[in-house]
Amino acid sequence: MNHDSYSDAYIRGILNTVKTIAMVGISPKDNRPSYFAFKYLLERGYNMIPVNPGQAGKEILGRKVYARLADVPEPIDMVDVFRAAQYAPQIVAEALSLKSPPQVIWMQLGVRNDEAADAAEAGGLKVVMNRCPKIEYGRLSSEIGWMGVNSRTLTSKRARILGGGVQRMSLSRTTTSGGTTIDSAPAKGGADGA
């Protein structure tokens, strides 16, 4: 896999498939990027699990914090690594040792560790490095474009308003010509659509 460039279909396929995300390295401080990303994904319907040994037993955004991935009592679909790159191999090794390993290892912006990626891929996991799932979700769902960032898409259609407050769009949407976007529906037969 070329980790310098990911196709939209690959990213969208992951974000449409995973439901439970363990964020390793989340901060309880509401001004930290990990807190923003966690909150955003939680509000988009993902089952977010905070993992931070210094906060174990406490709560972040109403969710119980665990010290380690092995302490999480339910299966994890994706591990979101919000730690420095040097910690990625250790996190991947722990993820691979779980009774039910995750489908995806996702390393946040600025986090790239090819050794960890190789180990994860050898264990059958998908890997994303140096990307933020919050940003990718916003970009692929057109939330970022709707909020004023150039999405390179011209349309006269208004975004659907899904209730009051902040607009919430989904990754599964129809194009202006009425068809669905590539990989907008969850893959059949597994995470890779095989």
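**A tour of two helix contacts and one loop residue**

Begin by selecting Ala88, Pro89, Val92 and Leu96 in helix α3, and then Glu115, Ala116, Ala119 and Ala120 in helix α4, since these are the residues through which α3 and α4 meet. Of the residues in this contact, seven are nonpolar, one is charged and none is polar. The model on display is a predicted one.

Next, widen the selection to the whole of α3, residues 88–96, and α4, residues 114–122; their axes lie 8 Å apart and form an angle of about 15°. Angles under 35 degrees count as roughly parallel, and α3 and α4 are therefore roughly parallel to each other. The crossing of α3 and α4 is right-handed.

The second stop is a pair formed by helix α1, residues 8–17, and helix α5, residues 133–140. The axes of α1 and α5 come within 10 Å and cross at roughly 110°, so the two helices are roughly perpendicular to each other. To view their contact, select Asp8, Ile11, Arg12 and Leu15 in α1 together with Pro133, Glu136, Tyr137, Arg139 and Leu140 in α5. Here the residues divide into five nonpolar and four charged, with no polar ones.

For the last stop, select Ser27, which is located in the loop between β1 (20–24) and α2 (33–43). Ser27 has a relative accessibility of 11% and therefore counts as buried. Now display Arg32, Ser34, Tyr35 and Ile60: Ser27 touches these residues, when those up to four places away in sequence are not counted.

Conventions: Residues numbered from 1 in each chain as written. Predicted model: local features only at pLDDT ≥ 70, side-chain atom pairs only at ≥ 80, totals over all residues. Heavy atoms only, no water. Axes fitted to C-alpha atoms, helices over the stretch in contact; angles between N-to-C directions. Helix = DSSP H or I, 4+ residues; strand = E, 2+ residues; numbered from the N terminus. Parallel < 35°, antiparallel > 145°, perpendicular 65-115°, else oblique. Left-handed = near helix turned anticlockwise from the far one by under 90°. Contact = heavy atoms within 4.5 Å. Nonpolar A, V, L, I, M, F, W, Y, C, P; charged D, E, K, R; others polar. Buried < 20%, exposed > 50% of the residue type's maximum accessible area, 1.4 Å probe, protein only.
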